[in-house]
Amino acid sequence: MGALLSVLLGWGGAQAKGLQVEDDLPTPLFLDRTYLFVSPSRIHRQGDPNSPLPLVLEGQFAPNLFLPQLKLDDFKEDGRETLFSAVFTPNIRLRMVNTPSKPILPPSYLLKLTLQVAHLRLFQNPDKEGLPRVWAWGLNVIAGHYSNGEDGCFFANQKGTDPNCEPAEGTLPLNEITGSFSTNLLRFELHSRLGFAVDVHQLSAWLVGANVFYELNSSIGPGGMSPEQRYVYGDGHWGFGLLGERMVNGHRFRLEGSYSHPFGETPAQGGTLSVEAAANPRWGAGFGVFARYVRGQDYYNILFLEHINLWQFGLVFDLNPGARLKADSDRPPGFQ
């Protein structure tokens, strides 16, 4: 949520009132980040003679590509702003393992179109010497396609290529080497953030927030989920997250936790917990370092039945395409 703190403390934002098209400086809120990291942990892959596999590195590459953004009111002039966004995110996850030839496992492709409504509002403290607060909320409606690009049979006891597999009725375990994993999904996310003790001179603030999501898998359209995969993978996922962030002299420090759980799957799976700490220095201009612990079911496409305890360390990027324009006065947007 570095983008929100950036808005609060004066980076970005135009001056036009009314419903306007923002085509040169989109405001990124409540979207995916990009990660590149290493891990001392190992992962299990059914059917791999080298399993459990030591990891070399892993990455999540998620550029958020904005169509022209619509904006109602202006945070700089009015103390409030509503944004209407359409964002395409070609989210690709890659996992390289430390075995001969250092292979990359079948990538995770999670292509998404996000339709977002977000609102920001400034609350001035009645005490003139007190520091203001800012509240933001956002609703994301996401249509996506999630797959691994493989065409092997879904179960390990089947032969052939998907969908012509024999026997037709496969049984566990899964074919985690070349098995086809594919689903279309519809996801709803609700986000809320509160920024307080916002000091525009010291570039300092506190931020707390929460989010919830509900995701449904679909068999409709190209790449839709097969009945065999739905039986094991489930009808969807639900989850929630909590976040706390502190900015001091433009440096940002974040602690975030999230939990997700599938539903409609057989056999029943457990939930997945993720806890992440990150530091984004001001001079980093959008990137920083992070450490994360993940416990539960593997999030990497067809490995979803494998249990993981992963430690991850590396770089996190909050970069956003578009020019970064300065305010036209010595006071940041929203505090004129």
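Biologist: Which way do the side chains point along strand β6?
Modeller: They alternate in this predicted model. Gln-69 and Lys-71 point to one face and are buried, while Leu-70 and Leu-72 point to the other and are not.

Biologist: Why would side chains alternate in a strand?
Modeller: Because in a regular strand the side chains switch between the two faces of the sheet.

Biologist: OK, and which strands pair with β6?
Modeller: Strand β1, residues 20-22, pairs with β6 in the antiparallel sense over three bridges. Strand β7, residues 80-97, also pairs with β6 in the antiparallel sense, over three bridges.

Biologist: What stands opposite Lys-71?
Modeller: Gln-20 stands opposite Lys-71, and so does Leu-83 in β7.

Biologist: Switching topic: where's Glu-276, and is it buried or exposed?
Modeller: Glu-276 is found in strand β16, residues 272-280. Glu-276 counts as buried because its relative accessible area is 5%, under the 20% cut-off.

Biologist: Which side chains make polar contacts with Glu-276?
Modeller: The Tyr-35 side chain, in a polar contact of 2.8 Å, and the Arg-254 side chain, in one of 2.9 Å.

Biologist: What else does Glu-276 touch?
Modeller: Leaving out residues up to four places away in sequence, its contacts include Arg-33, Leu-255, Glu-256, Phe-290, Ala-291 and Arg-292.

Biologist: How many cavities of 30 Å³ or more are there?
Modeller: One. The largest cavity holds about 40 Å³ of space.

Biologist: What lines the largest cavity?
Modeller: Among the lining residues are Arg-45, Glu-150, Glu-176, Asn-148, Tyr-300 and Leu-303. By class, the lining has six nonpolar, three polar and three charged residues.

How values were computed
Residues numbered from 1 in each chain as written. Predicted model: local features only at pLDDT ≥ 70, side-chain atom pairs only at ≥ 80, totals over all residues. Heavy atoms only, no water. Helix = DSSP H or I, 4+ residues; strand = E, 2+ residues; numbered from the N terminus. Buried < 20%, exposed > 50% of the residue type's maximum accessible area, 1.4 Å probe, protein only. Polar contact = N/O pair within 3.5 Å; in protein donor to acceptor, adjacent residues only side chain to side chain. Contact = heavy atoms within 4.5 Å. 1 Å grid on protein atoms, 1.4 Å probe; cavity = no way out; pocket = protein on both sides within 12 Å on 5 of 7 lines; lining within 4 Å. Points joined across faces, edges and corners; volume = space filled by probe spheres on them. Nonpolar A, V, L, I, M, F, W, Y, C, P; charged D, E, K, R; others polar. Pairing = 2+ DSSP bridges.
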